[in-house]
Amino acid sequence: LDTWLDLYGRPIAKVMLNGKGPFSFMVDTGSTVTVIAERHVATIGAPVVGKVMVAGTTGMAETPMARVDMFEAGVAKQRSVQVAVLPDSGVANIDGILGADMFAGKRLTFNIAQKIVTIQNSRRPIYVPARSAMRVRNGLLAEIDGRIGKVPCKMMLDTGAQNCIANIKLSQALLHAHPRLVRLDNVKVFGVTGHVLTGQFIALGDVSTRAFDIEDATAVALDAPIFEQWKLTDEPALIVGMNVLSRLQSFELDYGAKSFDAKLFAELMARNMVGFG
């Protein structure tokens, strides 16, 4: 898929729907359903076949469900795909959202430097090194272990999120372990379902995983319904958004092999320097 980053740093891909398009869809590893803007349903001739619940970070909403006879995203093609229909205001300046239901069991590679996302078959290796271990929560959501400073936490990799979102347990743990972190109140977070929540900005400092380390990261601490949906209210958890992921040179999520890997821009620069030397 040829992609680019939108104004909020999220990857956008061109897709074809029933042979029409291309349409600009956000590639969202944090969404379990694929979504289309209401304005395009009649254009592509997609009949409404029922209702579906869409769970966003800030809340849930029941929306119409339409059937797309042919959905093409690069080399990935599926017939008779059911998609949620959101009001145009819910998807802003894009045409839809490419959710994890479209690449379940596949391998996604996000090359931030080249602005390309590839969808391929899973490698399914016999052995996945600990550095690359990834869990798939609820069958679709990519989860790894990480650490914010001294605080261990669960991390959900969400390419559809503009910023990192911390749950209340993580916010409390950070306040205890790192009381001097800068915090700002009354930060608003707008969700695709139309709900708006108010949280607290936190300058996290270091975000560490087995695959990468990022300094000077930030997040919004929020009592978000999505943590209840994902059963992540009783332990520190962080939705890792594109404000962190876009600082990687590339990263790969293999849902079939349950593995995650990443390369930093610093690694790319080091290789180039060796080449010039």
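This is a guided tour of a predicted model, moving from backbone features through salt bridges to a charged surface patch and two helices.

**Backbone at the start of the chain**

Begin by selecting Gly 21 and Pro 22, and display the backbone between them: the peptide bond that joins Gly 21 to Pro 22 is cis, with omega near 5°. Pro 22 itself belongs to strand β3, which covers residues 20-27. As background for this stop and for a later one, most peptide bonds are trans, and most residues other than glycine have a negative phi.

**Salt bridges**

Next, turn on the side chains of Lys, Arg, Asp and Glu. Side chains of opposite charge can pair when their charged atoms come close, and in this model the count comes to 10 salt bridges.

Select Arg 67 and Asp 69, whose side chains meet in a salt bridge with an N to O distance of 3.2 Å. Arg 67 has a relative accessibility of 30% and therefore counts as partly exposed, while Asp 69 is likewise partly exposed, with a value of 37%.

Move on to Lys 77 and Glu 72, which form a salt bridge whose closest N and O atoms are 3.7 Å apart. In this pair Lys 77 counts as exposed, at 56% relative accessibility, whereas Glu 72 is partly exposed, at 21%.

Now select Glu 143 and Arg 137, where the salt bridge has an N to O distance of 2.5 Å. Are these two partners buried or exposed? Glu 143 counts as buried because its relative accessibility is 2%, under the 20% cut-off, and Arg 137 is also buried, at 18%. Extend the selection to Arg 135 and Asp 145, and the picture becomes a network of salt bridges that links Arg 135, Arg 137, Glu 143 and Asp 145.

**A negative surface patch**

Switch to a surface view and select Asp 206, Asp 213, Glu 215 and Asp 216, which form a negative surface patch. Which strand gives the largest share of this patch? That strand is β17, residues 213-221, from which three residues of the patch come. Asp 206 sits in strand β16, residues 196-209, and is partly exposed at 39% relative accessibility.

Stay with Asp 216, which lies in strand β17, and return to the backbone. Its phi is near 60°, a positive value in a residue other than glycine; at 63% relative accessibility, Asp 216 also counts as exposed.

A further positive phi can be found by selecting Lys 258, where the angle is near 55° and the residue is again not glycine. Lys 258 is placed in the loop between β19 (248-254) and β20 (259-264), and with a relative accessible area of 43% this residue is partly exposed.

**Two helices**

For the next stop, select helix α3, residues 168-177, and show Leu 170, Ser 171 and Leu 174, which are buried. Turn the view to look down the axis of α3: the buried residues fall within an arc of 100°, so they line one face of the helix.

Finally, select helix α4, residues 225-229, and pick out Glu 228 within it. Glu 228 is exposed, with a relative accessible area of 54%. Add Asn 167 to the selection and draw a line between the two C-alpha atoms: Glu 228 and Asn 167 are 61 residues apart in sequence, and their C-alpha atoms are 9.8 Å apart in space.

Key
Residues are numbered from 1 along each chain as its sequence is written. This is a predicted model: local features need pLDDT of at least 70, side-chain atom pairs count only at pLDDT 80 or more; totals for chains, interfaces and linings use all residues. Side-chain values use heavy atoms; hydrogens and water are left out. Patches are made of residues with over 30% relative accessible area and no salt bridge: like charges are joined within 9 Å, nonpolar side chains (Val, Leu, Ile, Met, Phe, Trp, Tyr) within 5 Å. Accessible areas come from the Shrake-Rupley method with a 1.4 Å probe; for residues, only the protein chains shown count as cover. A salt bridge is a side-chain nitrogen of Lys or Arg within 4 Å of a carboxyl oxygen of Asp or Glu. Lys and Arg count as positive and Asp and Glu as negative; His and the chain ends are not counted. The place of a charge is taken as NZ of Lys, CZ of Arg, CG of Asp or CD of Glu. Helices (H or I, at least four residues) and strands (E, at least two) are DSSP runs, numbered from the N terminus. Buried means under 20% relative accessible area, exposed over 50%, partly exposed in between (1.4 Å probe, protein chains only). The arc is that of the directions from the helix axis to the C-beta atoms.
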